[in-house]
Amino acid sequence: MNGHPATVGDLARQRRLRRLELTVTRRLDGLLHGRYLGLLPAPGSEPAGSREYRPGEDEVRRMDWSVTARTTVPHVRTVDADRELTTWTLVDATPSMDFGTAELEKRELAVGAVAAVGFLTAGLGNRLGAHLLTNEGVRRFPARTGRTPLLGLLRTVLDVPRGLPATAPVSLADGLVGLHRSAGRRGLVVVVSDFLDGLPDDGVSGPVGPPPAWEQPLRRLAARHQVLAVEVSDPRERELPDVGLITLVDPESGRRREVSTGSRRLRERYAAAATAQRLAVARGIRRSGAAHLSLSTDRDWIADIVRHVFAQRRLAGVVRPGGAT
């Protein structure tokens, strides 16, 4: 392996999955401290008492006026998360995900995100299903309970063939439409992608411009389900290093172009265009009503997921057994 540290992709398939499972479960247990109530805890429907109002975090419509009047201190109602959750994941395994210049590739990061979703939403009666986007079409996995279906999904994502010509390509927008048809029961939908597909060629840099092709179907999903958009990226997609003449290859189309990275003006234009592109993705996700979690191949992605869980838990006012939030 040329002296580089081993990544998930360097290991045999079973060892990759075992290492991933141990890493995710141990880190999540340690950082989340005990029982956690899901990746994106819903407000739920079971009353679980009241707690003091937190300005800037709590919604006024959740005020518990009877407790507030009795104690003369503002309180909000708390509820337990609903059980028997059905989670659907839409996983992007198209060629643009086969890229990585840091600790791992974007596809490996997507596998890690799906693993975290599975472990965080696992519970008695909870089910996980998935749609997998590839160059050969969509692979569908019915919603099932248990660890075995989750590991089968992770194994399939890792084993998607690379470098094959597109025989039945499906856009991210089409994948979202298909998932909307399949996910009938209200639940949690997690979309894992780089969200580069469907961005407009022009108008990306401005605050107002053509929306991404996937924005409208994502909005329709968010109108019915609780939706989390997990955006995966790599640092080289955000800026170019000064390494002389290089050949850039579009993984989707195969087009090649030689670029001289020694040009400071070129690097600045590339960074500006990349920033505008990421802002367009963030705006599209925000307008759709989905929650946004950004993961990068050069960051501690498990810590990023944990921070997101804590933030969503505070916003939702979900409590653990014993009253701790």
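I looked up the sheet first in this predicted model, and I found six strands in an open sheet of mixed pairing, ordered β5-β4-β3-β6-β7-β10 (strands are DSSP runs of E, at least two residues, and helices are runs of H or I, at least four, numbered from the N terminus; two strands pair if DSSP finds at least two bridges between them). β5 (137-144) and β10 stand at the edges with a single partner strand each, so one side of each has no neighbour in the sheet. I noted that β6 and β7 run parallel and are joined by six bridges, and that V189 has V227 in β7 as its bridge partner.

I numbered residues from 1 along each chain as its sequence is written, and side-chain values use heavy atoms without hydrogens or water. Local features need pLDDT of at least 70 and side-chain atom pairs 80 or more, whereas totals for chains, interfaces and linings use all residues.

I then turned to the largest nonpolar core (buried Ala, Val, Leu, Ile, Met, Phe, Trp, Tyr and Cys residues joined through side-chain atoms within 4.5 Å; buried means under 20% relative accessible area, with a 1.4 Å probe and protein chains only). Of its 39 residues, V192, V230, L295 and I305 touch the most other members. The elements giving two or more residues include α3 (106-121), β7 (226-233) and α8 (301-316), and α3 gives the most, with 10 residues. Another core, of 22 residues, lies apart from it and has L133 and V189 among its members.

How values were computed:
Buried means under 20% relative accessible area, exposed over 50%, partly exposed in between (1.4 Å probe, protein chains only).
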